[in-house]
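The following account is an introduction for a reader who has not met this structure before. It is best read with the sequence and the three-dimensional view side by side.

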Amino acid sequence: MRPFLLERYLSKHEFSARLIACASDPDTLRLNDVLALDPEATNQFMAMTLGYTETKGALALREAIAGLYQGITADDVLVHVGAQEPIYAFMRATLAPGDHVICISPTYQSLTLVAENIGAEVARWEAREEADWQPDVADLERLVKPNTKLLVLNTPQNPTGGLLTGDRFAAAMDFAASRGIRVLGDEVYRGLEHAGPRLPSVVELSDRAVSLGAMAKVYGLAGLRIGWAVTRDRALLEQLEIVKDYLSICAPGPSVFLATVALRHADLLRARTLSTVRKNVEIVDRFIGQHARHLAWRRPLAGTTALMRLTSVPSATAFCEELVTRTGVLLAPGPLFGASDSHVRVGLGRASLPEALTVLGDWLER
Ligand SMILES: Cc1ncc(COP(=O)(O)O)c(C=O)c1O
């Protein structure tokens with residue numbers, strides 16, 4: 001298997017760097033914060049038994065997840081451990097060596113690498129910085145092949161903070177439908193639109209499409225490791241369950257309980273994350289203005305991340321390595337996402353970002 005470079009990078013630095021300025025997960029809630037959402041929750045949590053849980057996911061959790069979508073029921077939901085697990089399960093269940101996949105780029109690396117590790121060929125549908133990180137719909141016609149099985153969308157997009165326009169999203173869905181290509185929508189940032197409209201989920205437009213979601217980004221509960229796959233294609237859902245039996249089997253009971261409580265207050269938690277992101281977008285925008293000799297960006301529209309372009313250094317990878325070693329501030333270089341080595345990812349969901357930017361600003365000016 002080719003290594004998942006972002007995770008290797010984070011594994012090296014995430015728990016030793018002093019200031020994490022590239023995180024895609026926002027500030028997380030405490031256990032107490034989640035339990036305080038519901039007056040019954042603490043007693044129920046303390047009394048719960050710690051056995052295996054249902055492979056599909058407890059009905060109450062699947063109902064709460066289904067409530068995030070239009071026209072979806074609990075039977076269309078398969079709970080997983082994180083959103084990483086269903087990326088793997090989905091690709092393992094649907095792809096074979098020699099298949100062709102089109103995937104929006106740059107993006108979370110496992111969306112391309114899992115397919116490549118299986119032996120599929122992946123063509124990148126490039127989001128263009130000069131077009132505010134919109135890809136060109138005409139490129140889909142250029143990339144498609146007779147054996148294209150899958151179109152992978154990730155909107156809101158990690159790392160760019162881009163959000164497909166409604167027209168482009170509809171055109172991409174039409175393109176896939178007219179050729180019988182299945183769509184995987186990695187929608188783990190859906191709901192975090194801070195400067196644009198919320199698009200429908202892919203599963204609201206296609207009964208063969210699959211949507212991935214998670215507790216990590218929108219709800220600030222990455223450590224619960226709860227994610228999900230949603231599709232109206234029941235045969236596919238069964239295939240995912242078969243793969244899942246070889247992975248986690250079932251999600252941990254305490255996480256299932258806490259995720260259920262949290263999703264009953266989904267709007268509140270989403271608003272909390274959005275409030276930090278909105279403040280940080282303004283702060284980064286001012287920061288970039290103050291350091292315009294070194295930095296540029298396209299303001300993000302959604303999600304918890306954005307790309308900044310380094311205009312005065314030859315390699316973002318080398319820059320990030322030196323920055324973390326000398327100052328303790330962690331940024332993530334573009335190549336970890338299939339972006340250029342002039343870009344770095346900045347994380348917008350943490351209240352500590354301004355402190356990290358102060359250190360980064362001093363470093364840049366020196
Ligand atoms: C686009 C995307 N998909 C999936 C994941 C994995 O999410 P989880 O932490 O729930 O496994 C991430 C995490 O960064 C992501 O950015």
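The paragraphs below go through the sheets, a covered helix and a loop residue, a helix pair and the surroundings of the ligand. The model is a predicted one.

The description may begin with an open sheet of eight strands, whose order is β2-β9-β8-β7-β6-β3-β4-β5 and whose pairing is mixed. Strands β2 and β5 (134-135) form the edges; each has a single partner strand, so one side of each is left without a neighbour in the sheet. Helix α4 packs on this sheet and touches β2, β8 and β9, its direction making about 105° with that of β2. Another helix, α8 (residues 166-179), lies across β5, β6 (148-153) and β7 (182-186) and runs at about 165° to β6.

Strand β9 deserves separate attention. Its pairing with β2 (residues 77-81) is antiparallel and extends over five bridges; within this pair, Val81 stands opposite Ile226 and His80 stands opposite Gly227. Strand β8 (residues 210-214) also runs antiparallel to β9, joined to it by four bridges, and here Ala214 is the residue opposite Gly227. Five of the five residues of β9 are buried. Ile226, Trp228 and Val230 point one way from the strand, while Gly227 and Ala229 point the other way.

Strand β9 is also among the elements against which the buried residues of helix α11 pack; the others are α2 (31-35), α3 (41-47), α4 (59-66) and α12 (266-290). Helix α11 (residues 253-263) is mostly covered, with nine of its eleven residues buried. The buried residues include Val256, Phe257 and Leu258.

Ala251 lies in the loop between α10 (234-244) and α11. Is this residue, Ala251, buried or exposed? A residue counts as buried if 20 or more other C-beta atoms lie within 10 Å of its own; Ala251 has 27 other C-beta atoms within 10 Å, and it is therefore buried. Leaving aside residues up to four places away in sequence, Ala251 touches Thr53, Gly57, Val79, His80, Val81, Ile226 and Val256. The C-alpha atoms of Ala251 and Tyr52 are separated by 8.0 Å, although the two residues are 199 residues apart along the chain.

Two packed helices are described by the angle between their axes and the distance between the axes. Helices α5 (residues 84-94) and α6 (residues 110-118) pack at an angle of about 35°, with their axes 10 Å apart, and the crossing is right-handed. On the α5 side the contact is made by Gln84, Ile87, Tyr88, Met91 and Arg92, and on the α6 side by Ser110, Leu111, Val114, Ala115 and Ile118. Classed by type, this contact has seven nonpolar, two polar and one charged residues.

The ligand is surrounded by 13 residues, of which Gly82, Ala83, Gln84, Tyr108 and Ala214 are the closest. The shell divides into six nonpolar, six polar and one charged. Two of these names have appeared above: Gln84 takes part in the contact of α5 with α6, and Ala214 stands opposite Gly227 in β9.

A further open sheet has four strands in the order β10-β11-β14-β13, with antiparallel pairing. Its edges are β10 (295-297) and β13 (332-333), each with a single partner strand, so one side of each is left without a neighbour in the sheet. Five bridges join β11 (residues 305-310) to β14 (residues 343-347), and Ala306 stands opposite Val346 in β14.

Key. Residues are numbered from 1 along each chain as its sequence is written. This is a predicted model: local features need pLDDT of at least 70, side-chain atom pairs count only at pLDDT 80 or more; totals for chains, interfaces and linings use all residues. Two strands pair if DSSP finds at least two bridges between them. Helices (H or I, at least four residues) and strands (E, at least two) are DSSP runs, numbered from the N terminus. A residue is buried if 20 or more other C-beta atoms lie within 10 Å of its own, exposed if 12 or fewer, and partly exposed in between; C-beta atoms are placed from the backbone. Two residues are in contact if their C-beta atoms, placed from the backbone, lie within 7 Å. A residue is near a molecule or strand if its C-beta atom, placed from the backbone, lies within 6 Å of it. Ala, Val, Leu, Ile, Met, Phe, Trp, Tyr, Cys and Pro count as nonpolar, Asp, Glu, Lys and Arg as charged, and the others, Gly among them, as polar. Axes are lines fitted to C-alpha atoms, for helices over the stretch in contact, and angles run from 0 to 180 degrees between N-to-C directions. A crossing is left-handed if the near helix is turned anticlockwise from the far one by less than a right angle, and right-handed if clockwise.
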